[in-house]
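Welcome, and please load the model in your viewer with a cartoon view to begin. We will go stop by stop, selecting a few residues each time.

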Amino acid sequence: MVARALASRRRGAWLGAAAVLAFLVGGGGAFWAYRTIGALTAERDRLAAQVEALHDTVATFIHGPATRLIQIPVSTGGRVGAVTIFADSLRHRWLVRCDGLAPNAPDQAYQLWFITRDGMKSAALMPMDTDQPMVMALDTPRAGAGAGVVEGVMGAALSIEPRAGSTTPRGPMVFHLLL
C-alpha cells in the first residue's frame with residue numbers, strides 16, 4: 001500500500017513537471033512567434049512605404065508636365081544597350097535608367113556627366129558588376145545662385161573611368177549628347 005502511494009506520488013510529480021515544462025516551452029514558442037511576427041510586420045510596413053515612395057517618384061518623372069524623355073542607344077563590350085533619361089525641369093531632377101550595359105572590369109566604373117556651360121560635372125559613378133539594369137534619381141547642377149537647372153545643363157555624357165571615378169572624363173566615351 002505504501003509502495004503504491006509512493007509510486008502514485010512519483011507519477012504525479014513527473015506529470016506535474018512535464019506539464020510545467022510543456023507550459024514553458026509553449027509559452028516560449030508563443031513569445032518567439034509574437035516577436036517574429038511583430039518584426040516581420042514592421043519590415044513589411046517599411047518596405048511598403050519605400051515602394052510607395054519609389055512609385056511616387058517614378059510617376060512624377062514619367063507623367064510630369066515638365067519631363068522630357070531622352071533615349072540614348074549605347075554599345076559597350078559588344079553589347080547594345082540604352083541610357084534613358086527622364087529630365088524634370090520643374091523639380092531639377094533626372095531619373096536615369098541604364099539598360100544592357102556590359103559589366104565593368106573590376107577596376108573600372110561608368111561615370112555619368114552633366115555637360116554644363118562651365119564644363120563637365122560628375123553626375124554619378126556607376127560601378128556595374130552585373131548586367132542588371134541600374135536606375136537612379138539625380139539632382140541637376142544649377143547655372144548660378146537662384147537660377148534654374150535647365151539653363152545649367154546642356155547635355156549628358158557617359159564614360160568608362162577608374163573605379164574611384166575621375167574629376168574630368170579621361171576614359172573611353174560611351175556617349176556624348178547635347179540636349
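Start by selecting Asp99, which is partly exposed, with a relative accessible area of 30%. On this tour, buried stands for under 20% relative accessible area, exposed for over 50%, and partly exposed for what lies in between, using a 1.4 Å probe and protein chains only. Now add Arg97, also partly exposed, at 35% relative accessible area. Asp99 and Arg97 form a salt bridge, and their closest N and O atoms are 3.3 Å apart. A salt bridge here is a side-chain nitrogen of Lys or Arg within 4 Å of a carboxyl oxygen of Asp or Glu. As background, side chains of opposite charge can pair when their charged atoms come close.

A word on what is on your screen: this is a predicted model, in which local features need pLDDT of at least 70 and side-chain atom pairs count only at pLDDT 80 or more, while totals for chains, interfaces and linings use all residues. Residues are numbered from 1 along each chain as its sequence is written, and side-chain values use heavy atoms, with hydrogens and water left out.

**The whole protein**

Zoom out and colour by secondary structure. You should find two helices and eight strands, running α-β-β-β-β-β-β-α-β-β from the N terminus. Helices (H or I, at least four residues) and strands (E, at least two) are DSSP runs, numbered from the N terminus. Of the 179 residues, 28% are buried. Switch on the surface next: the accessible area is about 11400 Å², and carbon and sulfur atoms account for 62% of it. These areas come from the Shrake-Rupley method with a 1.4 Å probe, and for residues only the protein chains shown count as cover. Among contacts (heavy atoms within 4.5 Å) between residues at least 6 apart in sequence, 54% join residues at least 24 apart.

**The first helix**

Select residues 2–63, helix α1, and pick out Arg46 and Glu43, which are three residues apart and so separated by about one helical turn. What distance separates the closest N and O atoms of their salt bridge? The answer is 2.8 Å. Arg46 is partly exposed at 43% relative accessibility, and Glu43 is partly exposed as well, at 35%.

Next, select Asp45 and Arg44, another salt-bridged pair, with the closest N and O atoms 3.0 Å apart. Asp45 is partly exposed at 42%, whereas Arg44 is exposed at 52%. The full count of salt bridges comes to seven.

**The four-stranded sheet**

Move on to the open sheet, where four strands lie in the order β5-β4-β7-β8 with antiparallel pairing. Two strands pair if DSSP finds at least two bridges between them. Highlight β5 (119–126) and β8 (173–178): they stand at the edges with a single partner strand each, so one side of each has no neighbour in the sheet. Look along the sheet to see the twist, which averages 20° from one strand to the next. Axes for that angle are lines fitted to C-alpha atoms (for helices, over the stretch in contact), and angles run from 0 to 180 degrees between N-to-C directions.

Now select β4 (residues 108–116), joined to β5 by seven bridges in an antiparallel run. Click on Leu112 and then on Ala124, its bridge partner in β5.

**A last stop in a loop**

Finish at His92, in the loop between β2 (79–88) and β3 (93–99). Is His92 buried or exposed? His92 is buried, with a relative accessible area of 17%. Check its backbone too: His92 has a positive phi of about 60° although it is not a glycine.
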